[in-house]
Amino acid sequence: MRPTRFINLALVLWAICAPLAVAAESGAEWWRKAVVYEVYPRSFADSNGDGIGDLNGITNHLDYLKDLGVDAIWITPFYPSPQVDFGYDISNYHAIDPQYGTLADFDRLLEEAKKRDIRVVLDMVLNHTSDQHPWFLESKSSRDNPKAEWYMWHDGKDHQPPNNWQSIFGHSAWQWTPERGEFYYHAFYKEQPDLNWRNREVRSAMYDELRFWMKKGVAGFRLDAVTSLFEDPQFRDEPIARPGKNAFGEPILTRQYTDNLPECHDVFRELRQVTNEFPGGVLIGETYLPNIAELEKMYGAHDDELHLPMDTQFGFTKLSADAFRQKLREAETQLNGHMPLFFFDNHDNPRSLSRYGDGTHNEAIAKLLATLLLTPRCAALLYYGQEIGMENNDPQRKEDVRDPVGRTGWPKDKGRDGERTPMQWDASVNAGFSTAKTTWLPAAPNYKQRNVAAENTHPDSLLNYYKALLRLRKTNTALRDGEFALVNESDKNVLAFVRKAGGQTVLVALNFTSMPKTVSFDLPAGHRAITLLSSFSKTGESNNLKRLELPPFGAFVGQIQ
Ligand code: GLC
């Protein structure tokens with residue numbers, strides 16, 4: 001892997017004058033520069049009017065995704081499921097839940113996506129199954145059935161759980177089972193028992209589930225909760241992490257005995273071998289980790305583990321030039337040259353505009369975030385609706401909450417419904433998501449103004465900005481293949497960097513403040529930048545880099561002349 005260079009102002013000269021050859025990515029490595037669009041199928045498009053999105057709904061909107069310019073879609077779980085955790089509790093890994101459609105619908109989705117050069121990535125939940133999965137039903141039936149050791153069973157102590165481990169979703173992580181007279185461990189809901197990944201049979205059964213989908217032609221997997229696969233074999237109590245109580249009113253514990261155990265890497269290597277059986281398969285990891293050093297390990301010492309572990313540090317940092325500069329610097333210098341995977345939004349966290357918007361400059365902030373996500377050297381995840389500026393619409397009353405996290409955590413934690421509301425397609429009823437009387441979650445009230453149809457007609461809309469950015473990422477050599485280097489590194493207000501390849505240099509400048517800022521780039525006299533895309537300057541405009549004026553939260557991408 002090539003070491004990444006960090007340069008100062010003086011070296012911008014080098015960046016301009018010394019063309020660097022960057023090898024083109026082979027087809028099998030499509031994921032390196034990919035933009036993967038997350039579809040939450042329940043909320044994307046409802047084709048049969050039952051108020052719940054479905055696979056045919058996704059197929060019906062593939063032209064939209066093609067036009068947007070994404071390389072792949074990641075579809076969150078659509079397998080048969082009791083839907084306790086809206087699909088993340090799977091009761092059959094190789095079928096489709098009837099509420100989302102059929103295998104034939106899936107095959108058609110795959111075929112139509114292929115026609116449009118859109119790859120399909122599935123969500124694979126390895127850590128746990130549903131408590132209704134036949135594996136678990138068998139495992140819990142007795143202590144001596146063939147699958148008795150497939151889950152994490154423990155006698156406990158005097159009918160009490162064996163230790164203080166907590167579920168991520170609140171309360172004890174142990175559930176008593178009268179049939180076996182034992183407890184089982186669940187990192188998430190009690191309806192999501194953890195599989196025993198030390199059991200070889202579990203591993204090979206799960207690898208076969210992956211093969212089932214790879215044989216159909218999916219382009220890989222987003223691996224759910226993949227750092228939670230193993231627990232301490234001595235079942236030691238977790239120490240208190242810090243004083244205070246969590247949203248569920250319980251002590252805040254570390255997860256040192258239940259998360260990111262070294263054995264995870266053995267499984268990652270095996271998963272990589274399974275995907276290697278199908279060229280082009282990608283492994284995206286849901287890797288919430290404490291620091292960049294831990295993230296680096298996820299790629300594997302020999303580049304033989306996850307292709308794209310999610311950099312969960314990046315998209316949650318505070319809105320400041322320094323903070324994001326530091327994250328970019330870390331990703332460039334501490335990932336051993338691997339490709340970082342950045343994102344701001346997903347189905348588990350409040351939408352970025354709700355986290356970063358100030359209510360006055362939301363449109364500019366959304367464009368700034370889009371530019372920050374799509375112009376560094378990275379692969380990126382988008383979440384449905386991010387491209388039109390959807391915001392959270394959290395439930396107002398506990399009785400309206402659908403996500404059990406919100407019911408357990410209310411009112412401190414209102415759960416994840418707010419970021420899962422229906423895609424806002426147009427200004428018609430239910431935002432054009434569904435013709436049903438009621439939908440599983442209501443459309444956010446702002447849908448009449450903020451929707452795909454409206455934004456398509458406004459040349460300066462966020463949607464058109466995203467489209468232009470995604471196009472640029474593909475067509476501009478420097479943005480596509482270029483090295484990355486920070487510039488003006490001591491500027492507290494404006495984050496700037498260059499991308500350079502094949503004799504082209506592109507400058508990106510982002511004003512992280514609510515005040516206009518004028519920046520000077522110490523480039524040879526006469527150097528100017530032609531606007532490629534900007535939230536304030538027209539494409540094709542020539543700008544003096546000695547005095548580049550950025551309005552509040554202004555974003556600028558320009559080709560240096
Ligand atoms: C992951 C999913 C989340 C789910 C959890 C348990 O974090 O993204 O939605 O609830 O795993 O499967």
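Q: How much space lies in the largest pocket?
A: This structure is a predicted model, and the values given here are computed from it. In this model, the space that lies in the largest pocket comes to about 1,300 Å³.

Q: Which residues lining the largest pocket lie nearest its centre, and how does the lining divide into nonpolar, polar and charged residues?
A: The lining of the largest pocket consists of 43 residues, and strand β9, which spans residues 251-253, gives the most to this lining, with three residues. Nearest the centre of the pocket lie Ile-168, Phe-169, Phe-188, Arg-255 and Tyr-288. Sorted by kind, the residues of the lining divide into 15 nonpolar, 14 polar and 14 charged.

Q: Where is the ligand, and which residues are closest to the ligand?
A: The space that the ligand takes is the largest pocket. There the ligand is surrounded by 13 residues, and this shell divides into three nonpolar, three polar and seven charged residues. The closest of the surrounding residues are Asp-85, Asp-224, Glu-286, His-347 and Asp-348.

Q: What percentage of the ligand's accessible area does the protein cover?
A: Polar contacts can be considered before the cover. An oxygen atom of the ligand is 2.5 Å from an N or O atom in the side chain of Asp-85, while for the side chain of His-347 the distance from a ligand oxygen to an N or O atom is 2.8 Å, and for the side chain of Arg-222 it is 3.0 Å. On its own the ligand has 310 Å² of accessible area, and the part of this that the protein covers is 96%.

Terms used: Residues numbered from 1 in each chain as written. Predicted model: local features only at pLDDT ≥ 70, side-chain atom pairs only at ≥ 80, totals over all residues. Heavy atoms only, no water. Near = heavy atom within 4 Å. Polar contact = N/O pair within 3.5 Å; in protein donor to acceptor, adjacent residues only side chain to side chain. Areas by Shrake-Rupley, 256 points an atom, 1.4 Å probe, with all protein chains shown as cover. 1 Å grid on protein atoms, 1.4 Å probe; cavity = no way out; pocket = protein on both sides within 12 Å on 5 of 7 lines; lining within 4 Å. Sits in = over half its atoms within 2 Å of the grid points. Nonpolar A, V, L, I, M, F, W, Y, C, P; charged D, E, K, R; others polar. Points joined across faces, edges and corners; volume = space filled by probe spheres on them. Helix = DSSP H or I, 4+ residues; strand = E, 2+ residues; numbered from the N terminus.
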